[in-house]
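Subject: Structure handover

Hi,

Here is the structure I promised to pass on. Please load it before you read the rest.

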Amino acid sequence: MSARSPAAAVARAALLAGALAGVGVFHVWSHTRLTSAGYRLGELQKAQERLRAEVRALEVEVATLRAPGRLQAFARARLGMAPPAAGAVVAGRAGMVAAGRAGGSGVEESRRPAPVEPVLAAAR
């Protein structure tokens, strides 16, 4: 049996204490990172739910703006459109419809295409 020196025992104890301290610091650091990641994940999930609610609200608004009654009111009020006068629409060959062509008066109407989406006043 060999006798161990007290300095070697102290060095070994210091090494063991340092290793345990390192493991403890790593544990605290990783736990802190995990906790902050959990809070961030919760915030992101709340933001995602808010954005989904906003998308649903915007889809409802688009459906409302595309509703036939809304489009008809927009066409009449903002674009000055109205249903064609009697006799202005004449059925052509093979069931094709010719609207806005020279009617009985021989005067050709000026026509502009209808908008796909309503133009908002702020966008002009």
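Below is what came out of the analysis, from the overall picture down to side chains.

Confidence comes before the details. This is a predicted model. Mean pLDDT for the chain is 81, and 72% of the residues reach at least 70. The elements differ in this respect: helix 1 has the highest mean, at 96, while strand 2 (residues 97–99) has the lowest, at 50. Over residues 99–104 the pLDDT stays under 50. The model still gives that stretch nine contacts beyond four places in sequence. Where pLDDT is low, predicted coordinates should not be read in detail.

Next, the fold. The chain has two helices and two strands. Their order along the sequence is α-α-β-β. Helix 1 covers residues 6–65. Of the contacts between residues at least 6 apart in sequence, 38% join residues at least 24 apart.

Then the surface. The chain has 124 residues, and 6% of them are buried. The exposed area is about 10900 Å². Carbon and sulfur atoms supply 65% of that area.

Now the side chains. How many salt bridges does the structure hold? There are two.

- Arg40 and Glu43 form one of them, at 3.5 Å from N to O. These residues sit three apart in helix 1, so about one helical turn separates them. Arg40 is partly exposed, with a relative accessible area of 47%. Glu43 is partly exposed too, also at 47%.
- Glu49 and Arg56 form a salt bridge, with their closest N and O atoms 3.5 Å apart. Glu49 is partly exposed at 40% relative accessibility. Arg56 is partly exposed at 44%.

As a general point, side chains of opposite charge can pair when their charged atoms come close.

What about the aromatic rings? Searching the whole structure gives one aromatic pair. Phe26 and Trp29 make up this pair, with ring centres 5.9 Å apart and 35° between the planes. The geometry counts as tilted, because that angle is neither under 30 degrees nor over 60. Phe26 and Trp29 are three residues apart in helix 1, so they too are separated by about one helical turn. Is Phe26 buried or exposed? Phe26 is exposed, with a relative accessible area of 52%. The cut-off for exposed is over 50%.

Best wishes

Methods. Residues are numbered from 1 along each chain as its sequence is written. This is a predicted model: local features need pLDDT of at least 70, side-chain atom pairs count only at pLDDT 80 or more; totals for chains, interfaces and linings use all residues. Side-chain values use heavy atoms; hydrogens and water are left out. A salt bridge is a side-chain nitrogen of Lys or Arg within 4 Å of a carboxyl oxygen of Asp or Glu. Helices (H or I, at least four residues) and strands (E, at least two) are DSSP runs, numbered from the N terminus. Buried means under 20% relative accessible area, exposed over 50%, partly exposed in between (1.4 Å probe, protein chains only). Rings of Phe, Tyr and Trp (its six-membered ring) pair if their centres lie within 6.5 Å; planes under 30 degrees apart count as stacked, over 60 as edge-to-face and the rest as tilted. pLDDT is the predictor's confidence in each residue, from 0 to 100. Contact means heavy atoms within 4.5 Å. Accessible areas come from the Shrake-Rupley method with a 1.4 Å probe; for residues, only the protein chains shown count as cover.
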